[in-house]
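Here are a few exercises to work through with the model open beside you. Try each one yourself before you read the solution.

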Amino acid sequence: MALDILAVAALYQGPDINRIRLMTEASKPPASPLKALVPSKTKLTTIETKRIMSVLDEAIHKVEMVTLLSYVASNEETLEGMLGGDIMKVVRDHEELCKTLLASTEHLKDVQKQLQEADEEAKEEEWFQDLLLATEQQKTSLLPLTQQMKDSTKNVLRLLLTSPQAARVLKMQTQGRSTEAQHFIDGLKELRGFLFEKLLTSPMEAREKAQFLQDIGRRNKRNQEIIETLENELSVSIKNRNTEKKYKVETEIENWIQKYDTEMGEKQAEYEELESIHKEEKVQLEELRQRHDMLVEEFSQIRAEREVNCQKRMEAEQEMVMMVRAATVIQAMWKGYLVRSMLKSRKKRRGKGKAKDKAKSKGKGRGKEKGKGRGKGKK
């Protein structure tokens with residue numbers, strides 16, 4: 001569709017061309033240009049070059065709007081107030097034509113695929129000939145539909161270009177453009193840059209540029225030959241160096257192998273010596289285990305005997321304690337008995353003594369009385 005639009009020179013009235021900004025200057029300066037490749041002029045001076053650039057700028061401008069028509073049709077409620085009812089009606093009709101053309105094209109592709117996949121026997125059958133005839137008729141019917149699509153596209157563009165505000169609103173909806181359409185627009189802009197640079201270049205500058213490119217090519221060829229020579233020398237040097245690194249590596253590897261064999265022999269002898277010591281210690285360990293088992297058994301017997309002796313000693317001690325307690329009790333009872341016996345004998349002696357004392361006291365009293373009596377008689 002865009003290519004068809006590019007083929008049309010003026011799709012609207014003459015005065016409307018002034019509404020499009022003609023970009024007569026370079027869009028982007030070269031990043032690091034070579035002096036011989038950069039045109040001496042920066043602006044277009046002749047009317048012919050300006051017209052060429054204006055036609056390409058118009059085409060880019062129209063393609064930017066046409067690639068957004070499907071987005072406008074799918075967002076009718078949002079954009080109708082900004083674009084207007086007349087434009088939306090034409091866009092809806094254009095969308096219907098697009099859908100019809102797309103459906104017919106897809107159907108035609110499916111039929112052609114079936115025809116291509118058919119074998120030789122099927123091509124001779126009647127249904128295949130009928131299908132082929134229907135395909136040709138459908139191809140013929142697509143021509144007027146395609147012309148209607150072109151006319152519809154022209155009508156939409158005329159309405160949009162007569163309403164600059166609607167065109168600006170439409171171009172702001174860049175998020176609705178497909179990736180393929182954006183790539184196509186970028187390609188057109190890149191083509192515009194090449195064309196602009198070509199139009200700025202004079203014939204003399206073109207010859208100088210061609211001569212410069214030829215010089216660059218020859219210089220590049222000489223440099224390439226020098227590079228190849230240096231690469232060959234480098235490969236030879238690398239090969240020689242690899243041969244010397246290989247000899248050194250082989251020698252070093254052989255030395256390492258000898259050293260490894262020597263060390264492994266020493267380690268093997270040491271291992272065998274340690275293995276014999278290990279076997280001897282293993283035999284000693286077995287003897288010690290057997291002796292340990294015997295000692296454990298003897299210790300168990302001794303401990304059992306000690307437990308028996310300890311039990312007997314404890315029983316004897318308990319019996320001795322009981323005998324000591326019994327003897328203590330007997331001695332205490334015997335001492336108590338002796339004390340009581342002594343107390344009883346003392347009481348008896350005291351009773352007899354008191355009786356004698358009383359008798360003596362009575363006899364003394366009588367004697368005194370007699371003496372007194374005698375004394376009185378002597379007087």
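The protein has ten helices and zero strands, with helices and strands taken as DSSP runs (H or I of at least four residues, E of at least two) numbered from the N terminus. This is a predicted model, in which local features need pLDDT of at least 70, side-chain atom pairs count only at pLDDT 80 or more, and totals for chains, interfaces and linings use all residues. Numbering starts from 1 along each chain as its sequence is written, and side-chain values use heavy atoms, with hydrogens and water left out.

**Exercise 1. Work out how helix H2 sits in the structure.**

Step 1: find the helix. H2 covers residues 47–66, which is 20 residues.

Step 2: check its span. From first C-alpha to last, H2 reaches 28 Å, close to the 28 Å expected at 1.5 Å a residue; the expected span is 1.5 Å times one less than the number of residues.

Step 3: look at the cover. Buried means under 20% relative accessible area, exposed over 50%, and partly exposed in between (1.4 Å probe, protein chains only). In H2, 14 of the 20 residues are buried, so the helix is largely enclosed by the rest of the structure. For the protein's 379 residues, the buried share is 18%.

**Exercise 2. Track down salt bridges that involve H2.**

Step 1: know the rule. A salt bridge is a side-chain nitrogen of Lys or Arg within 4 Å of a carboxyl oxygen of Asp or Glu. The structure holds five.

Step 2: start with Arg192 and Asp57, whose side chains meet at 2.7 Å, N to O. Arg192 belongs to helix H9 (residues 179–200) and Asp57 to H2, so this pair ties together parts 135 residues apart in sequence. Both Arg192 and Asp57 are buried.

Step 3: go on to Glu64 and Lys189, bridged at 3.6 Å, N to O. Glu64 is in H2 and Lys189 in H9, so here the linked parts are 125 residues apart in sequence. Glu64 is buried at 11% relative accessibility, while Lys189 is partly exposed at 41%.

Step 4: finish inside H2. Glu58 and Lys62 form a salt bridge at 4.0 Å, N to O. Glu58 and Lys62 sit four residues apart, about one turn of the helix. An α-helix has 3.6 residues a turn, so residues three or four places apart point the same way. Glu58 and Lys62 are both buried.

**Exercise 3. Decide whether Lys344 is buried or exposed.**

Step 1: place the residue. Lys344 lies in helix H10, which spans residues 203–378.

Step 2: read the accessibility. Lys344 has 56% relative accessibility, so it counts as exposed.
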